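Biologist: I would like to learn how to read the sheets and cysteines in a model of this kind. Please take me through the features one at a time.

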Amino acid sequence: MITYPQARTCPYHPAPGYDELREGPPLRRTRLINGQEAWVISGYEQARALLADSRVSSDRTNKGFPMIMPPAIAAVQTSPNRPFIVRDDPEHNRVRRMLISEFTVRRLKELQPEIEKIVHATIDAMLAAGPPADLVTAYSLPIPSLVISRMLGVPWEDHEFFQRQTRTIVQSRDPKDSGEAVGSLLAYLSALAQDPPPGLIARLKEEQVGTGAMSLDDLVVTSMLLLGAGHETTSSMISLGVITLLEHPDQLAALRSDAGTVAGAVEELLRYLTIVETALLRVAVEDIEIAGEVIKAGDGIVFAASIVNRDPAAFEHPDRFDVARQANHHVAFGFGVHQCLGQNLARVELRLALPTLFERVPGLRLAVPVDELDLRPATTIQGVNALPVTW
Ligand code: HEM
């Protein structure tokens, strides 16, 4: 029986231990790292069907839920005041609806000039200080952090604090460290929510908390989710995106020669890298018949999204990185009612951050071999802890 999850050895390929999942049935039993048994889904069609099925639940307090997340995240996700990402409808949708207007394509179009300015200013600062540079701290992390902190109304002078706490929460295996990080971030956001600067937190406080539609605790935990999900993910995509493009010079050349390829290249990177994998977890709340098997009520379900996004039935020659591919149907943002709320924001950031970097720093290259990079552990958002570059 295959163990899930397993760590990557290359920043842009699925864990080698998942090779077995590519052969044979689209779902099978797996032994989770905490000793629990669950179903692991590797087929594209079955993954989409299950993620859209109302008989599966995202609620971590349901019996049988696959609990493979770091301990501090597990504590937040099972607390009575857990965020909407780990609740089912109608509670989930009640909060999602309050946020959706901030993340529409139209709203993001309005924000684009500001994001463009942030990208250029970040490159100016990196060029002034280097070479060399750690691309994570000089570029990948500041861009999405600045954007989400401005959207929410979180003061920029606190960025080192919230970046550090978020990183500890998603990465630390020490329950004490990560528990303290959760506590300090919640305390910080609670204090901020007393008298929030202009932004989404202030709007929610006035429109939702003020009318009794949302509790103050809910506002704080929602803000923590948006702040964390809003910078850790896109930051990882920028770092791994740069590595992938540098390691595939023909594809980088194609991207450079034709601005029309940028949007497609970003979708292909999202598919190829599939950085949010081990967060795609569910439990069946009724029996579900699928692909000749019965997932019983109470059975945990994990989605091997990196393998789902390389299912040859959905993507021809799936291991080929091809910026000209039409990959928009990938599941890198999930699927169904919980599909990523911030996907339009992430797309705008990636479509600006990646090509602008290669345009303005044409000699950019890795300062260490790819196999020496410090990769993130299997249970968290995939990425690198540091990315030494020069130009
Ligand atoms: C490239 C970057 C990103 C990736 C790959 C990504 C991936 C995902 C995935 C896979 C899910 C589904 C989780 C599930 O079904 O259980 C999700 C949900 C979510 N994402 Fe993202 N995300 C990214 C960027 C962002 C950004 C920038 C934000 C901004 C705030 C964000 C906010 C959220 C929220 C709030 C949810 C929960 C939605 C719900 O439950 O209705 N994400 N994301």
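**Sheets and cysteines**

Modeller: One open sheet has three strands in the order S5-S11-S10, with antiparallel pairing. A strand is a DSSP run of E of at least two residues, and helices are runs of H or I of at least four residues, each numbered from the N terminus. Two strands pair if DSSP finds at least two bridges between them. Strands S5 (133–134) and S10 (365–366) are the edges: each has a single partner strand, so one side of each lacks a neighbour in the sheet.

Biologist: What are the ground rules for this model?

Modeller: This is a predicted model, in which local features need pLDDT of at least 70 and side-chain atom pairs count only at pLDDT 80 or more, while totals for chains, interfaces and linings use all residues. Residues are numbered from 1 along each chain as its sequence is written, and side-chain values use heavy atoms, with hydrogens and water left out.

Biologist: How many bridges join S5 to S11?

Modeller: Two bridges join S5 to S11 (residues 388–390), and these strands run antiparallel. Asp134 has Pro388 in S11 as its bridge partner.

Biologist: What is the strand order in the sheet of six strands?

Modeller: That open sheet has the order S1-S2-S3-S9-S6-S4, and its pairing is mixed. Its edges are S1 (2–4) and S4 (56–57), each with a single partner strand, so one side of each has no neighbour in the sheet. Strand S6 (residues 281–284) is joined to S9 (residues 300–303) by three bridges, and the two run antiparallel. There, Arg282 has Ile301 in S9 as bridge partner. S4 is joined to S6 by two bridges, again antiparallel, and Ser57 has Val283 in S6 as its partner.

Biologist: Which way do the residues of S6 point, and are they buried or exposed?

Modeller: Buried means under 20% relative accessible area, exposed over 50%, and partly exposed in between (1.4 Å probe, protein chains only). Leu281 and Val283 point one way from S6, Arg282 and Ala284 point the other way, and all are buried.

Biologist: How many disulfides are there?

Modeller: A disulfide is a pair of cysteine sulfur atoms within 2.5 Å. By this rule there are zero. Cys10 is buried, at 17% relative accessible area, and Cys340 is partly exposed, at 28%.
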